[in-house]
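Please work through the following exercises with the sequence and the model at hand. Each task is followed by a solution in steps.

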Amino acid sequence: MAAPPHHFSPLTRSFSLDGGGQTPRGNMQPFPGDQIQLPRNMIENSMFEEEPDVVDLAKEPCLHPLEPDEVEYEPRSSRLLVRGLGEHEMDDDEEDYESSAKLLGMSFMNRSSSLRNNMSVYRQSSNGSCSLPSARTMVVCTVTLVIAAALIMVIYLLPKCTFTKEGCHKKNHTIELIYPLATNGKIFPWAKVRLPSDVVPLHYDLVLQPNLTTLKFSGSVKIVVNIIHVTWKIVLHSSGLNITKATITSAGGHQEKPAEFLEYPLHDQIAVMAPEALLVGQNYTVNIAYSSNLSDTYYGFYKISYKDENSKQRWFAATQFEPVAARSAFPCFDEPAFKATFLIKIKRDEKLSTLSNMPKKATTPVTNGIVQDEFFVSLKMSTYLLAFVVADLKNISRETNGSLVSVYAIPQHLNQVEYALNTSVKLLAFYQNYFLINYPLEKLDLVAIPDFQSGAMENWGLITFRESALLFDSHTSSARDKKSITAVIAHELAHQWFGNLVTMEWWNDLWLNEGFATFMEYFAMEEIFPELHSDEDFLNLIFKAMMKDSLNSSHPVSSAVQSSEQIEEMFDALSYIKGASLLSMLKHYLTKDVFQAGIEVYLHNHKYGCAQSDDLWDSMNEITNGTLDVKKLMKTWIVQKGFPLVTVVRKGKIISVKQEKYLYLVEPENWTSDASYLWHIPLTYITSSCNFTHCTNAYLLDQKSAIIELPEEVEWIKFNVDMNGYYIVHYGEDWKTLIDLLKKNHTALSPKDRANLINNIFNLAGLGKESLEKAFDLIDYLNKESSTAPLTQALFQLSLIYNLLEKKGEQQLAARLMHRVERLLGDKIDQQSWTDDGALSQRELRSTLLAFACTHDIRNCRTTATEMFEKWVNSNGTMSLPSDVMKAIFTAGAKSNDGWDFLLKMYFSSVSEAEKSKMIEALASTEDVRKLLWLMQNSLEGEVIRTQELSHIIATVSQSLPGYLLAWDFVKENWEKLTRKFHLGSYTIQNIISWSTSQFATKAHLIEVKSFFESKSEQSSQLHSVKEAIDTIQLNIQWMERNLAMLQELL
């Protein structure tokens, strides 16, 4: 999305509080205190920098009769705040009203300040010295100050008064909004970030003409709107568009009436002012003509360059509207609840092709070499789901159940789309059967975009993908690549129901879209592609989401958001992974049939409409029919941040369980008290008497503590079966029993249960509730382990420790840690073959073990990899390498200068996205800091290495000892460029902040990171990801202080 032209967001700003608003800036006298820190909402609701003033509209003439939210006035200066006389009901925007009251107070301060300045207390004599004031002057000044103070007190003590000629009115007990100024200096008739609800869109006719030579586009939009409340204005979104004309036509009328339009870029809003009152229940058509540049970010209607088969530069135009960028392609009501139908017409070069959400209806000639494609009218949908692509594309297609499924790519990649087509057809059939609702469109297009920020975007009927997330090359795509491509397709197809058919009402409930799509992605993969073992990936994602959720900087799954940065930040691990994990927990508790029936009710009740979290729980309650209050249970998980720690004490047959909030205590002043936290936890457990899945027991812990009585004494008990619940378990004395069980008979527990125990004990050691010695004791069984999930989790936990030790300068201790890993897993590493043989799970384990071994120079991994790399170089890159170990081979080869140079040359010539992805990671693993800097700089510029790769490069560079400080310096030096390209709050910026700071474990680095973000805009310093980075560094420091001495003994 394109950034608003006037983005005003300082942390502090020097405000002159002189009176009048007419004083030249050079003569301003600063208010005592010089710097005044303003609340953020005060700044957002104003367009001024200095000298606020207030106009009482009761004394000013109006062009139109006054209505609640509408005033128009020609101001005295360009820096005016206008106080409306309308009567507003209090709502969610109370903070806007409060800031307005404070600004009124400031305006009175201005006037008192002016009085002080005009009646200078000291008289200057002719020789430049100051004489004492006269008694008369002193009296006048004292009286003036008393009056000024009284006025200020009136403002603050009577905040619910509306001052007019008649005095103080308390009729509605509300504080009036202060309206901002439009770009032309007139009053903009709306002060809130959210659009008013008095006008709703019904239908859009959108005509666009992109020019891939000039890289500009022109457009016109006709919006049919319906009037809910009488109004003189239509407020909608527009960002970075050059609007040239606006008209309004009444229902049944044929005459377009010119309309004045006002622009307020701070909120990306325009107001079309009607020449006459717009009447309730009537439809009107708003017609707006405009033009703009194709965006050079990844948002809105943006341009992409790529090289064709002949290495000639070609241009490609595509859209990415979620969450708030449709407004930068056409004026619209850009909020998810404003659903409407769309008719799209695109004028383009006859040599290119276009795609949109709906099938093409007709193509007609326009002028020489230009034709117009018209698409069928869409279903009712949100603006963020609209999409169009203008490019030279090729495709393959297949019909299934009345819908034509097609996969598109640039011509040289057409031979890599078949796997995606086969997978999409299978998944589409599965979802239609599961939801009992057919996919409602006649076609479904999946398009590989050469430069794309995220993995994919679920636009209804036109899903766009990063090339590496859609294209499968049988020669270079690994088992993991296949799993990743399948997962992304499964996620986006699930969105065609969850998000597109039923949409969250506002971004606070984004998890209804993303949590559901993530849950369905893994559920569908288990059902259709069991050989991929996707449940193990889901498990590892949950572990990582819990790391984020355990920090005090976390937020509830459903969180109030307003600004675009806050909305962007909702696209994080909590909306996706925690949301999915909670749905998985509920499915296991309700049973899969009850859960499925609840989903069917939810989709049927809300199709083509919008929903909130409570609508989902109400649908589930229709099925449980009073046997369980799903809403009461799930609200404890959705509206509270974090998760519970369940402590288990076993005495004979009696099991005591208690819950508390799992939280790392970092800084006492930032700590949120956990006394009020209570979850309704669907506990599950198995015991030694019966440890098969069908023997799983359940208990709902809805109190702080409870007692569970077993029918008989048991040798051991394991809670949170297969990690199906979103909580961590502390077994106290029983840890020893479980450690012994793993050493004697680890297969008594499932691979997921074993991974769960590894994760929990290392987390508890970090929390200080268990010793690190016991955690290392538990993983001693790993020499017998052959499953991917527990091995992956153990290597992840050990890598975290290794990285902290290495960056702290404890290289010897880090090396001793790797010796311990070698003793445990060395034989298993030696057993791995450098091939693509075996089942997919075996192949993935091979990739994991060999990549780890080569990174840490365990056994002869690097030697073997280097030999294979040299053979590949000698064949000039024509020799086929096993795809599962390709990354390990490339990484070993890139350690030499010649190897790195050859790999870069091959990167430029490769046509396989899977191969290029492995190459770029290997290139970023070099220890040569000049090469690392070159990679980051060139990826940011986007000419020779695509900017979409930058976060991946920064993540890789950040992990190495030579690179971790370099990556942070690069982020600091290029912060403005990064946030302009990727936008504040975006998932990419979240990742860049996290990766570039996660290795720090010193107080000096903590101060540096804090200071850097505090020096930036308030939007930057208040990002969740910044707070999370600071929390993480503090925890790293704390972890080292707590465990360094213990590690020196253990290793």
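The exercises below concern an annotated site, a loop residue and the nonpolar core.

The model is predicted: local features need pLDDT of at least 70, side-chain atom pairs count only at pLDDT 80 or more, and totals for chains, interfaces and linings use all residues. Residues are numbered from 1 along each chain as its sequence is written, and side-chain values use heavy atoms, with hydrogens and water left out.

**Exercise 1.** Describe the placement of the UniProt "binding site" residues.

Step 1. The unreviewed UniProt entry puts this feature at H491, H495 and E514; such annotations may be inferred rather than shown by experiment.

Step 2. Despite a spread of 24 residues in sequence, they cluster in space, with a largest C-alpha distance of 8.6 Å.

Step 3. H491 belongs to helix α5, as does H495 (helices are DSSP runs of H or I, at least four residues, numbered from the N terminus).

Step 4. H495 is buried at 0% relative accessibility (buried means under 20% relative accessible area, 1.4 Å probe, protein chains only).

Step 5. Contacts of H491 include E514 and A517, and those of H495 also include E514 and A517 (contact means heavy atoms within 4.5 Å).

**Exercise 2.** Is A469 buried or exposed, and where does it lie?

Step 1. A469 occupies the loop between β27 (462-466) and α5 (479-495).

Step 2. Its relative accessible area is 8%, so A469 is buried.

Step 3. Beyond four places in sequence, A469 contacts G455, I485 and V488.

**Exercise 3.** Which helix gives the most to the largest nonpolar core?

Step 1. This core has 310 residues (buried Ala, Val, Leu, Ile, Met, Phe, Trp, Tyr and Cys joined through side-chain atoms within 4.5 Å).

Step 2. Helix α6 (residues 510-528) gives the most, with 11 residues.

Definitions and conventions:
Helix = DSSP H or I, 4+ residues; strand = E, 2+ residues; numbered from the N terminus. Buried < 20%, exposed > 50% of the residue type's maximum accessible area, 1.4 Å probe, protein only.
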